[in-house]
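Q: Please take a close look at one helix in this model. I would like its span, its burial, its packing partner and its part in the nonpolar core.

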Amino acid sequence: MGLQSPSLTSLARGFLMSMNIQITKSGLETLKSELSVLVDEKRPKLVERLAYARSQGDLSENSDYQSAREELEFLDGRIDEVRGVIQKASVVSVKNGASEIGVGTKVTLKVNGKNHLYEVVGEWEADPVNKKISHTSPLGQALLGKKKGDKIEVEAPVGKISYEILAIT
């Protein structure tokens, strides 16, 4: 029997477990809430569904059983992932009146003549639609350590975009 290479998921989990994850307090609370829902609500329902499907007889032709088993495996993977993030999370404390941009700060930027308010967050809580940008994104990296009045340029698919930092809160 030959050697098997580790799955991508196990490699990702190993990498995840070896790193320190920066996150805001609200981001950590959101992850804890998600974990609670996954463990206390979704998983028991899936286990019940799996047990019911198993009771229906021949498992080789039971698509509901196969589907429930796959969903449970996926859910268990997500539970492990969220637990790993919570375990490795380092909550970043935000100083009121910060003069430099860091994880947890809100920043008002002027881009193309319009003002936009962004929050720099850990990568696990990034949500660009709601203007929460990861500190590891190109814009987030360019903003870290900058001060009010600084100007930055970020390479984007449409070309370089110039930003001016108007305020940090």
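A: The answer below follows helix α3 and then the core to which it contributes. The model is predicted.

Helix α3 covers residues 63-88. It has 26 residues, and the distance from its first C-alpha to its last is 38 Å, close to the 38 Å expected at 1.5 Å a residue. Buried positions in α3 are Tyr65, Ala68, Leu72, Leu75, Gly77, Ile79, Val82, Gly84, Val85 and Ile86.

The packing of α3 against helix α2, residues 25-54, can be described next. The two axes come within 9 Å and cross at roughly 160°. Angles over 145 degrees count as roughly antiparallel, and α2 and α3 are therefore roughly antiparallel to each other. Their crossing is left-handed. Sorted by class, the residues in the contact of α2 with α3 are 17 nonpolar, 12 charged and one polar.

In soluble globular proteins, nonpolar side chains tend to be buried together. Here the largest nonpolar core has 17 residues. Those that touch the most other members are Leu31, Leu35, Leu50, Leu75, Ile79, Val82 and Ile86. Of these, Leu75, Ile79, Val82 and Ile86 also appear among the buried residues of α3. Two or more core residues come from each of β1 (21-23), α2 and α3. Helix α3 gives the largest share, eight residues.

Technical notes
Residues are numbered from 1 along each chain as its sequence is written. This is a predicted model: local features need pLDDT of at least 70, side-chain atom pairs count only at pLDDT 80 or more; totals for chains, interfaces and linings use all residues. Side-chain values use heavy atoms; hydrogens and water are left out. Axes are lines fitted to C-alpha atoms, for helices over the stretch in contact, and angles run from 0 to 180 degrees between N-to-C directions. Helices (H or I, at least four residues) and strands (E, at least two) are DSSP runs, numbered from the N terminus. Angles under 35 degrees count as roughly parallel, over 145 as roughly antiparallel, 65 to 115 as roughly perpendicular and the rest as oblique. A crossing is left-handed if the near helix is turned anticlockwise from the far one by less than a right angle, and right-handed if clockwise. Ala, Val, Leu, Ile, Met, Phe, Trp, Tyr, Cys and Pro count as nonpolar, Asp, Glu, Lys and Arg as charged, and the others, Gly among them, as polar. The expected span of a helix is 1.5 Å times one less than its number of residues. Buried means under 20% relative accessible area, exposed over 50%, partly exposed in between (1.4 Å probe, protein chains only). A nonpolar core is a set of buried Ala, Val, Leu, Ile, Met, Phe, Trp, Tyr and Cys residues joined through side-chain atoms within 4.5 Å.
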